[in-house]
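User: I'm new to reading protein models, and I'd like to go through one feature by feature. Could you walk me through this one?

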Amino acid sequence: FTVFGGLSQVLAFLHTYRITDTQLAYLKTLMPNADEKFFAWLAAIDCSKVKVHGFKEGSIVFPREPLLRVEGPIGICQLLETTL
């Protein structure tokens, strides 16, 4: 077993998550043929529809239990998944 922690950091991350202009410019150099709508979508990402379900901070959790469940628009959740 282990003690669950970090939920407050996850929530803080979600409240501040965005793709910066510098990051967008870099992505455009890697994907020069991508549709401009894709980059507009990335620039407008909004995590307000994302819901996070998790254990209470300090809870005892056991092996193979999901610690977090993230629900929301699939594209946004997939982008968040790597960091979380």
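Analyst: Happy to. Keep in mind that this is a predicted model. Let's start in a loop: R64 sits between strand 3 and strand 4.

User: Is R64 buried or exposed?

Analyst: Exposed, because its relative accessible area is 82%, and anything over 50% gets that label. The backbone there deserves a look too: R64 has a positive phi of about 65 degrees, although it isn't a glycine.

User: Where is P63?

Analyst: P63 belongs to that loop as well, the one running from strand 3 (60-61) to strand 4 (68-71). P63 counts as exposed, with 54% relative accessibility. To place P63 in the whole picture, try S8: the two are 55 residues apart along the chain, and their C-alpha atoms are separated by 22 Å.

User: Let's zoom out. How many helices and strands are in the chain?

Analyst: There are four helices and four strands. Walk along the sequence and you meet them in the order β-α-α-α-β-β-β-α.

User: And how do I read the overall shape?

Analyst: One way is to set the radius of gyration beside a reference value. Here the chain has 16 Å, while a compact globule of 84 residues would be near 12 Å. Another way is to draw a box along the principal axes: the C-alpha atoms fill roughly 50 × 20 × 20 Å.

User: What share of the residues count as buried?

Analyst: Of the 84 residues, 20% are in that class. As for the outside, the chain exposes about 6300 Å², and 59% of that comes from carbon and sulfur atoms.

User: How do I tell whether contacts link distant parts of the sequence?

Analyst: Look at how far apart the partners are along the chain. Among contacts between residues at least 6 apart in sequence, 60% join residues at least 24 apart. For a single example, take I19, in the loop between helix 1 (7-16) and helix 2.

User: Which residues is I19 in contact with, leaving aside its neighbours within four places?

Analyst: L24, L42 and I45. The C-alpha atoms of I19 and L42 are 6.4 Å apart, even though the two residues are 23 places apart along the chain. I19 is buried, because its relative accessibility is 12% and the cut-off is under 20%.

User: Now charges. What's the idea behind a salt bridge?

Analyst: Side chains of opposite charge can pair when their charged atoms come close. A search of the whole structure turns up two salt bridges. In one, K28 pairs with E36, with the closest N and O atoms 3.1 Å apart. In the other, R69 pairs with E71, and there the closest N and O atoms are 2.9 Å apart.

User: How accessible are K28 and E36?

Analyst: K28 is partly exposed at 35%, and E36 is partly exposed at 48%. In the other pair, R69 has a relative accessible area of 45% and E71 has 32%, so both of them are partly exposed as well.

User: What about disulfides?

Analyst: A disulfide is a covalent bond between the sulfur atoms of two cysteines. This structure holds zero of them. C47 is in no disulfide, and the nearest cysteine sulfur, that of C77, is 8.3 Å away. To count as a disulfide, the sulfur atoms would have to be within 2.5 Å.

User: Are C47 and C77 buried or exposed?

Analyst: Both are buried: C47 has 12% relative accessibility, and C77 has a relative accessible area of 13%.

User: Last one. Which residues form the nonpolar patch on the surface?

Analyst: They are Y26, L30, M31, F38, W41 and L79, with about 560 Å² of accessible area together. The elements giving two or more residues to the patch are helix 2 (21-30) and helix 3 (36-43). L79 lies in helix 4, residues 74-83, and is partly exposed at 32% relative accessibility.

How values were computed
Residues numbered from 1 in each chain as written. Predicted model: local features only at pLDDT ≥ 70, side-chain atom pairs only at ≥ 80, totals over all residues. Heavy atoms only, no water. Salt bridge = Lys/Arg side-chain N within 4 Å of Asp/Glu carboxyl O. Buried < 20%, exposed > 50% of the residue type's maximum accessible area, 1.4 Å probe, protein only. Rg over C-alpha atoms; globule rule 2.2 N^0.38 Å. Contact = heavy atoms within 4.5 Å. Areas by Shrake-Rupley, 256 points an atom, 1.4 Å probe, with all protein chains shown as cover. Patch = residues over 30% accessible without salt bridge, like charges linked within 9 Å, V, L, I, M, F, W, Y side chains within 5 Å.
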